[in-house]
Amino acid sequence: MPRIQRPAHTVAVRRSRQWFPARTLHLVDIENLAGAALPSRDQVTEVQGLYVARLGFGADDQVVMAASHLAFLNAALGWPSARYRVRSGPNGADLELLDVLQHEDVAARFTHVVIGSGDGVFSQAAANLAARDVRVTVVSRRDSLSRALAGVAGDVRYLDVPRAAAA
C-alpha cells in the first residue's frame, strides 16, 4: 500500500482510526477573562489582544466563546472570529463551554485545548482531556484561577502581570 505524504508543517495524530492535523481548541469565558459580568467591547478587544499575545493562534485553531445574552453583542463585536455560545443565569457561560467539551468529541478532534477561564468547574473536564493525551492549557487572571484547575492543567498562562511588576 502506498504511503500517504503529509505536508511537513502538519503533525498528524491518530484518534479513533482517523487522521487529524494538530489543532487547538480555545474555549473562552469572556466574562471571566475580562473580570466583568458585562464586559464592554473595548474590554473584550483588550482581552483578545492579551490572549493572542500570550498564546498565539494557528491557522487551524478554533475559538468558542461563551457569554450571557447581555454580554453577547460586545463579545461578538470585540472578538469577531469566534464561534459563540450564549446562556444566561448562574454559570451560564461555563455550562455552555462544558457542553462543548462533553458533546463534541473534542479529544478526538483536537490535540490541544486552551481553557480561557479560572473556574474550578472545568477541573474534571481538563483531567479527562489530559487522560486522553490532549494537552491542556489554562488562561486566567491571577486572582480568579482555582487551585483545582491549575493542578490539572499542563500549562497556565496569566492575562495580567504579577502584582510586584505592576507596582
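I started at Val28, which stands opposite Met65 in strand 4. Strands here are DSSP runs of E, at least two residues long, and helices are runs of H or I, at least four, both numbered from the N terminus.

The model is predicted, with local features needing pLDDT of at least 70, side-chain atom pairs counting only at pLDDT 80 or more, and totals for chains, interfaces and linings using all residues. Residues are numbered from 1 along each chain as its sequence is written, and side-chain values use heavy atoms, leaving out hydrogens and water.

I then looked up the pairing. Strand 3 (residues 24-29) runs parallel to strand 4 (residues 62-67) over 5 bridges; a pair needs at least two DSSP bridges.

Next I noted helix 4 (residues 92-103). Helix 4 packs on the sheet and touches strand 3, strand 4, strand 5 and strand 6 (112-116). Contact is heavy atoms within 4.5 Å. The direction of helix 4 makes about 160° with that of strand 3. Axes are fitted to C-alpha atoms, for helices over the stretch in contact, and angles run from 0 to 180 degrees between N-to-C directions.

I traced the whole sheet. It is open, has 6 strands in the order 5-4-3-6-7-8, and pairs in parallel. Strand 5 and strand 8 (155-158) are the edges, each pairing on one side only.

Last, I checked Val86. Val86 lies in strand 5 (residues 83-86). Val86 counts as partly exposed because its relative accessibility is 39%; the class lies between buried, under 20%, and exposed, over 50%, with a 1.4 Å probe and protein chains only.
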